[in-house]
Amino acid sequence: MATSKIKKGDTVKVIAGSEKGKEGKVISVKAGKVVVEGVNMVSKHTKPSQANPNGGIVHQEAAIDVSNVMYVHNGQPTRIGFKLDGDKKVRVAKKTGDIID
């Protein structure tokens, strides 16, 4: 699989779906899906366990496809590209040309 353009800790904006327009921080990235803080909340029914002795309904974020989010750089959503900085591959914001990391 290719290098992911979105990484854990990035701020992203949702550009498609019922949560369109919301922004948040990426909690995890896995197999083309991202979990964004405070976006796509679902109610999960959990059995009692040692960590949660009463069980019940837990509200948590569900994964959304990485194609439905866009990286936010300096308050503006932008596409991400790659370029070589010396011998190191770095991410670049296409809108401004700034190196992200």
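**Exercise 1. Follow the strand pairing outward from Val26, and state which residues face each other across the strands.**

Val26 stands opposite Val36 in β3, and this is a feature of a predicted model. As a first step, place this pair in its strands: β2, residues 23-30, and β3, residues 33-36, pair in the antiparallel sense over four bridges. As a next step, turn to the other pairing of β2, which joins this strand to β1 in the antiparallel sense over three bridges. Within that pairing, Val12 has Gly24 in β2 as its bridge partner.

**Exercise 2. Describe the connection between β2 and β3, and classify the turn residue Ala31 as buried or exposed.**

Begin with the connection: β2 and β3 form a hairpin with two residues between them. Ala31 lies in the loop that joins these strands, and its phi is near 50°, a positive value in a residue other than glycine. For the classification, the cut-off for an exposed residue is a relative accessible area over 50%; Ala31, at 68% relative accessibility, therefore counts as exposed.

**Exercise 3. Carry out the same analysis for Asn74: where is this residue placed, and is it buried or exposed?**

The place of Asn74 is in the loop between β7 (69-73) and β8 (76-78). Its phi is positive, at about 55°, although Asn74 is not a glycine. With a relative accessible area of 64%, Asn74 is exposed.

**Exercise 4. Work out how many salt bridges the structure holds, and describe the residues that take part in them.**

The structure holds two salt bridges, which can be taken in turn.

- In one of them, the side chains of Arg91 and Asp10 meet at 2.8 Å, N to O. This pair links distant parts of the chain, since Arg91 belongs to strand β10 (residues 88-93) and Asp10 to the segment before β1 (11-14), 81 residues apart. To judge the surroundings, recall that buried means under 20% relative accessible area: Arg91 counts as buried because its relative accessibility is 3%, and Asp10 likewise counts as buried, at 8%.
- In the other, the side chains of Glu19 and Lys22 meet at 2.7 Å, N to O. Glu19 has a relative accessible area of 18% and is therefore buried, whereas Lys22, with a relative accessible area of 39%, is partly exposed.

To conclude the solution, set the pairs side by side: Arg91 and Asp10 are both buried, while the other bridge joins buried Glu19 to partly exposed Lys22.

How values were computed. Residues are numbered from 1 along each chain as its sequence is written. This is a predicted model: local features need pLDDT of at least 70, side-chain atom pairs count only at pLDDT 80 or more; totals for chains, interfaces and linings use all residues. Side-chain values use heavy atoms; hydrogens and water are left out. A salt bridge is a side-chain nitrogen of Lys or Arg within 4 Å of a carboxyl oxygen of Asp or Glu. Buried means under 20% relative accessible area, exposed over 50%, partly exposed in between (1.4 Å probe, protein chains only). Two strands pair if DSSP finds at least two bridges between them.
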